[in-house]
Amino acid sequence: MSKIDGDLVLRTRIVSGILARMSLAGLVLVVEDEDPVRRYTVSLLEELGFTVLQAIDGTEAIAILRRRSTEIDAMLLDHSMPGLSGEEVLAELEREGLTVPVVLTSGYDRRSLERRFAGHEIADYLQKPFRLETLDETIRAVLAKRAQAS
């Protein structure tokens with residue numbers, strides 16, 4: 001294979017990957033009380049091609065979900081926040097019948113969170129601090145699973 005052919009193959013793979021990713025882009029709600037963490041997460045998601053809504057606490061998240069739950073493709077929910085905790089947000093969503101795939105974010109390890117949130121439907125867990133690649137893989141896997149279920 002010549003260098004030109006190799007470059008063409010590589011470019012084709014890159015374009016295919018970009019198109020596949022764009023087809024799974026969507027609207028993500030980021031619920032995070034720490035401003036720098038929220039801004040960082042939002043910037044990463046936007047870099048990945050997602051449209052992002054933000055909530056600074058659980059109360060604001062519930063208000064947004066009441067209005068736009070059918071539009072939101074996934075929610076990144078901080079497990080520990082002042083006011084309503086992540087667990088209380090999940091309980092309220094369940095009471096109101098609002099459904100959205102939830103990726104729980106926390107500095108705690110996954111096992112302890114799985115035990116604590118055993119009664120709730122969690123699409124995935126994302127341990128802070130996370131990298132762009134991990135965020136990308138997690139969100140896209142959640143969206144792909146949701147698309148298959150539809």
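**Exercise 1. How many helices and how many strands does the secondary structure of the protein come to?**

Before counting, some ground rules. This is a predicted model, in which local features need pLDDT of at least 70 and side-chain atom pairs count only at pLDDT 80 or more, while totals for chains, interfaces and linings use all residues. Residues are numbered from 1 along each chain as its sequence is written, and side-chain values use heavy atoms, with hydrogens and water left out.

*Solution.*
- Step 1: take helices as DSSP runs of H or I with at least four residues, and strands as runs of E with at least two, numbered from the N terminus.
- Step 2: the tally is six helices and five strands.
- Step 3: walking along the sequence, you get α-β-α-β-α-β-α-β-α-β-α.
- Step 4: now check burial, where buried means under 20% relative accessible area, exposed over 50% and partly exposed in between (1.4 Å probe, protein chains only). Of the 150 residues in the protein, 41% are buried.

**Exercise 2. Work out in which order the strands line up in the sheet, and which strands sit at its edges**.

*Solution.*
- Step 1: two strands count as paired if DSSP finds at least two bridges between them. Strands of a sheet pair through backbone hydrogen bonds, either parallel or antiparallel.
- Step 2: the five strands form an open sheet in the order 2-1-3-4-5, and the pairing is parallel.
- Step 3: strand 2 (51-55) and strand 5 (124-127) are the edge strands, as each pairs on one side only.
- Step 4: on average, neighbouring strands of this sheet are turned by 20° against each other, direction ignored (axes are lines fitted to C-alpha atoms, for helices over the stretch in contact, and angles run from 0 to 180 degrees between N-to-C directions).

**Exercise 3. Describe strand 1: its bridges and its burial**.

*Solution.*
- Step 1: look towards strand 3. Strand 1 (residues 27-31) runs parallel to strand 3, and four bridges join them. Val28 has Ala74 of strand 3 as its bridge partner.
- Step 2: look towards strand 2. Here strand 1 pairs in the parallel sense over five bridges, with Leu29 partnered by Leu53 of strand 2.
- Step 3: check the cover. Five of the five residues of strand 1 are buried. Leu27, Leu29 and Val31 point one way, Val28 and Val30 the other way, and all are buried.

**Exercise 4. Show which side of helix 2 is buried and what it packs against**.

*Solution.*
- Step 1: check the length. The expected span is 1.5 Å times one less than the number of residues. For the 13 residues of helix 2 (residues 35-47) that gives 18 Å, and the end C-alpha atoms are indeed 18 Å apart.
- Step 2: pick out the buried residues of helix 2: Arg38, Thr41, Val42, Leu44 and Leu45. They cover an arc of only 165° around the axis (taken from the directions from the helix axis to the C-beta atoms), so they sit on the same side of helix 2.
- Step 3: recall the geometry. An α-helix has 3.6 residues a turn, so residues three or four places apart point the same way.
- Step 4: turn helix 2 over, and Pro36, Arg39 and Glu47 are exposed on the other side.
- Step 5: find the partners. The buried residues of helix 2 pack against strand 1, strand 2, strand 3 and helix 6 (132-149).
- Step 6: look just past the end of helix 2, where Gly49 takes a positive phi of about 100°.

**Exercise 5. Asp78 carries a UniProt annotation: what is it, and is Asp78 buried or exposed?**

*Solution.*
- Step 1: read the record. An unreviewed UniProt entry places "modified residue: 4-aspartylphosphate" at Asp78. UniProt positions are in the numbering used here, feature names are shortened, and annotations may be inferred rather than shown by experiment.
- Step 2: place Asp78, which is in strand 3 (residues 74-78). Its relative accessible area is 3%, so Asp78 is buried.
- Step 3: list its contacts (heavy atoms within 4.5 Å). Leaving aside neighbours within four places in sequence, Asp78 touches Val31, Glu32, Asp33, Gly86, Thr105 and Lys128.
- Step 4: compare the flanking residues. Leu77, in strand 3, is buried at a relative accessible area of 0%. His79 lies in the loop between strand 3 and helix 4 (86-96) and counts as buried at 4% relative accessibility.
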